[in-house]
Amino acid sequence: MKMVHPPSGLTKGLDFLIACDWTPEQALAVVELLDDLKDRILLHYQLPIMELMREEQNITEFNELDITDLWGENELPF
């Protein structure tokens with residue numbers, strides 16, 4: 001079995017299992033919940049997150065950051 005490391009970098013802890021028999025409606029509800037959570041986090045932590053990303057990526061100007069795509073969601077899948 002291949003070990004998968006999440007973006008958090010955690011390599012040990014409790015497994016988080018997702019049921020494989022959700023309906024599309026249930027899956028969409030979870031996705032919407034996560035989107036809302038991300039929006040709430042950004043509402044409060046947007047500037048500190050931008051500063052941290054700037055430091056980690058050695059970017060000198062904030063305008064080089066795309067705050068609308070902090071999680072790389074705007075990349076094309078192909």
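Which residues make the nonpolar surface patch of about 820 Å²?

1. The patch is made by F16, I18, W22, V30, L34, L37, I41 and Y45, and its area comes to about 820 Å². This is a predicted model, and the patch, like the other features in this note, should be read with that in mind. One of its members, V30, has its place in helix α1, where V30 counts as partly exposed at 30% relative accessibility.

2. On the overall make-up of the chain, the secondary structure comes to one helix and zero strands. Of the 78 residues, 10% count as buried, while the chain exposes about 7600 Å², of which carbon and sulfur atoms supply 61%.

3. The helix itself deserves a careful look, since α1 covers residues 24–56 and has 33 residues, yet its end C-alpha atoms are only 37 Å apart, whereas a straight helix at 1.5 Å a residue would reach 48 Å. Where does α1 bend, and by about how many degrees? The bend is at Y45 and amounts to about 80°, with a proline, P48, following within four residues. Y45 also appears in the nonpolar patch described above, alongside residues including L37 and I41.

4. As to which parts of the helix are covered, the buried residues of α1 are K38, L42, M50 and M53. A lysine, K38, is thus listed among the buried residues of this helix, together with L42 and the two methionines M50 and M53. Just after α1, the backbone at N58 takes a positive phi of about 55°.

5. On charge pairing, a search of the whole structure finds one salt bridge. Side chains of opposite charge can pair when their charged atoms come close. Here the side chains of R54 and E51 meet, with a distance of 2.6 Å from N to O. Both R54 and E51 lie in helix α1, where they are three residues apart, or about one turn of the helix.

6. Are the two partners of this salt bridge, R54 and E51, buried or partly exposed? R54 is partly exposed, with a relative accessible area of 22%, and E51 is likewise partly exposed, with a relative accessible area of 24%. Because the cut-off for buried is under 20% relative accessible area, R54 at 22% does not count as buried, and neither does E51 at 24%.

Note on methods
Residues numbered from 1 in each chain as written. Predicted model: local features only at pLDDT ≥ 70, side-chain atom pairs only at ≥ 80, totals over all residues. Heavy atoms only, no water. Expected span 1.5 Å × (residues − 1). Bend = angle between axes of the 7 residues up to and from the residue. Buried < 20%, exposed > 50% of the residue type's maximum accessible area, 1.4 Å probe, protein only. Salt bridge = Lys/Arg side-chain N within 4 Å of Asp/Glu carboxyl O. Patch = residues over 30% accessible without salt bridge, like charges linked within 9 Å, V, L, I, M, F, W, Y side chains within 5 Å. Areas by Shrake-Rupley, 256 points an atom, 1.4 Å probe, with all protein chains shown as cover.
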